[in-house]
Amino acid sequence: EEVLAGTIKHGKYVKVTTWLADDSILATAAADGSVQIHKITLGMEPGDTKVEKLQSLQLSGPVEAMCFVRKQLCCYARDTPHLSFFNMEEEYAQTKLNLNKGVNGSANFDEHVSYCVMDMSVSPKDDKYLALATDTSRNIILEWETGRQVRNLYGHNNDGYSNPKLAWSCNGQYLIGNTQEASSACVWDIASSSIENRLAGHTNLVRDIYSSPSTDTLVTTSFDKQTKIWMSPAP
């Protein structure tokens, strides 16, 4: 039986959602650059659940990726050279993080980046790093407070027609991501920046990835109409 507790509407189709579980806050973002943030209060009965709008935001382009980092919402809008952070404890004040800082922390071109961020995920336990999946066969790990890129991960293939996804292992030592060239998921050892394992089992491209924050459990979904559950995906 379907139970509908509330509806959140945008002007165009919704591209990404993210959930701040500790505070029961849901953020949704659409192709028109709109972002809506709601507080979800669960009741004893479905009809008692409340959906309260906290804030509406407008970015300059379609929002491709988004996640909560502590008490901030981080968003990437297509064709922008920065990440946008909205601080929920300071009336959603916006700060921008330049994506051109590079591994040495020095800024290069301020108004252009050669890639789009298609997915992002914050590191478990310490929330110190952001992993960014791009459409140029490159995954980036950066310190979100400084913008310094600490790792660039290669060895897979994702271009502008792909659907890059990634997830951290629960201990933060590995990053798991998909590739459009094979029906497998790549497992990078972050310390060495190398692919240590490839999870083979699907018969078509991996569509999405979820990693448990508390156990060594990974879930992958694929265009082969299957969902697979992996234990200890790291080598």
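These questions and answers walk through strands, buried residues and salt bridges in a predicted model.

Q: In what order do the strands of the open sheet of 3 strands stand?
A: The pairing in this sheet is antiparallel. Strands of a sheet pair through backbone hydrogen bonds, either parallel or antiparallel. Read across the open sheet, the order is β17-β18-β19.

Q: Which strands stand at the edges of this sheet, each with a single partner strand?
A: An edge strand has one partner, so one of its sides is left without a neighbour in the sheet. Two strands fit that description here. They are β17 (206–211) and β19 (227–231).

Q: By how many degrees are neighbouring strands of this sheet turned against each other on average?
A: The sheet in question has the order β17-β18-β19. The angle between neighbouring strands is taken with direction ignored. On average it comes to 20°.

Q: Which residue of β19 is the bridge partner of Thr217?
A: Strand β18 covers residues 217–222. It pairs with β19 in the antiparallel sense, over 5 bridges. In β19, Thr217 has as its bridge partner Met231.

Q: Is Phe86 buried or exposed?
A: Phe86 has its place in strand β7, residues 82–87. Its relative accessibility is 4%. Buried means under 20%. Therefore Phe86 counts as buried.

Q: How far apart in space are Phe86 and Cys75, C-alpha to C-alpha?
A: Cys75 is among the residues in contact with Phe86, and so are Leu57, Leu59 and Tyr92. In sequence, Phe86 and Cys75 are 11 residues apart. From C-alpha to C-alpha, the distance is 8.4 Å.

Q: Leaving aside its neighbours within four places in sequence, which residues is Asn87 in contact with?
A: Asn87 also has its place in strand β7. It counts as buried, at 14% relative accessibility. Sequence neighbours within four places are left aside here. The contacts are Lys71, Gln72, Tyr92 and Ala93.

Q: How many residues of strand β14 are buried?
A: Strand β14 spans residues 174–178 and is mostly covered. On one side, Tyr174, Ile176 and Asn178 are buried. On the other side, Leu175 and Gly177 are buried too. The count is 5 of 5.

Q: Which residue stands opposite Ile176 of β14?
A: Strand β13 covers residues 166–168. It pairs with β14 in the antiparallel sense over 3 bridges. Opposite Ile176 stands Ala167.

Q: Which residue in the turn between β13 and β14 has a positive phi?
A: β13 and β14 form a hairpin. There are 5 residues between the two strands. In the turn, a positive phi of about 75° belongs to Gly172.

Q: Which residue of β15 does Asn178 stand opposite?
A: Strand β15 covers residues 184–189 and runs antiparallel to β14, with 5 bridges joining them. A hairpin links the two strands through 5 residues. Opposite Asn178 in β15 stands Ala185.

Q: How many residues apart in sequence are the parts that Lys15 and Glu64 tie together?
A: The side chains of Lys15 and Glu64 meet in a salt bridge, at 3.5 Å from N to O. Lys15 lies in strand β1 (residues 14–20) and Glu64 lies in strand β5 (residues 63–69), so the pair ties together parts of the chain whose separation in sequence is 49 residues.

Q: How far apart are the closest N and O atoms of Glu64 and Arg78?
A: Glu64 is buried at 10% relative accessibility. Arg78 is partly exposed at 28%. The two form a salt bridge, and its closest N and O atoms are apart by 2.8 Å.

Q: Which residues are linked with Glu64 in a network of salt bridges?
A: Glu64 forms a salt bridge with Arg78. Its side chain also meets that of Lys15, which is partly exposed at 32% relative accessibility. The residues linked with Glu64 in the network are Lys15 and Arg78.

Q: Is Arg148 buried or partly exposed?
A: Arg148 meets Glu143 in a salt bridge, at 3.0 Å from N to O. Glu143 is buried, with a relative accessible area of 13%. For Arg148 the relative accessibility is 34%. Arg148 therefore counts as partly exposed.

How values were computed
Residues are numbered from 1 along each chain as its sequence is written. This is a predicted model: local features need pLDDT of at least 70, side-chain atom pairs count only at pLDDT 80 or more; totals for chains, interfaces and linings use all residues. Side-chain values use heavy atoms; hydrogens and water are left out. Two strands pair if DSSP finds at least two bridges between them. Helices (H or I, at least four residues) and strands (E, at least two) are DSSP runs, numbered from the N terminus. Axes are lines fitted to C-alpha atoms, for helices over the stretch in contact, and angles run from 0 to 180 degrees between N-to-C directions. Buried means under 20% relative accessible area, exposed over 50%, partly exposed in between (1.4 Å probe, protein chains only). Contact means heavy atoms within 4.5 Å. A salt bridge is a side-chain nitrogen of Lys or Arg within 4 Å of a carboxyl oxygen of Asp or Glu.
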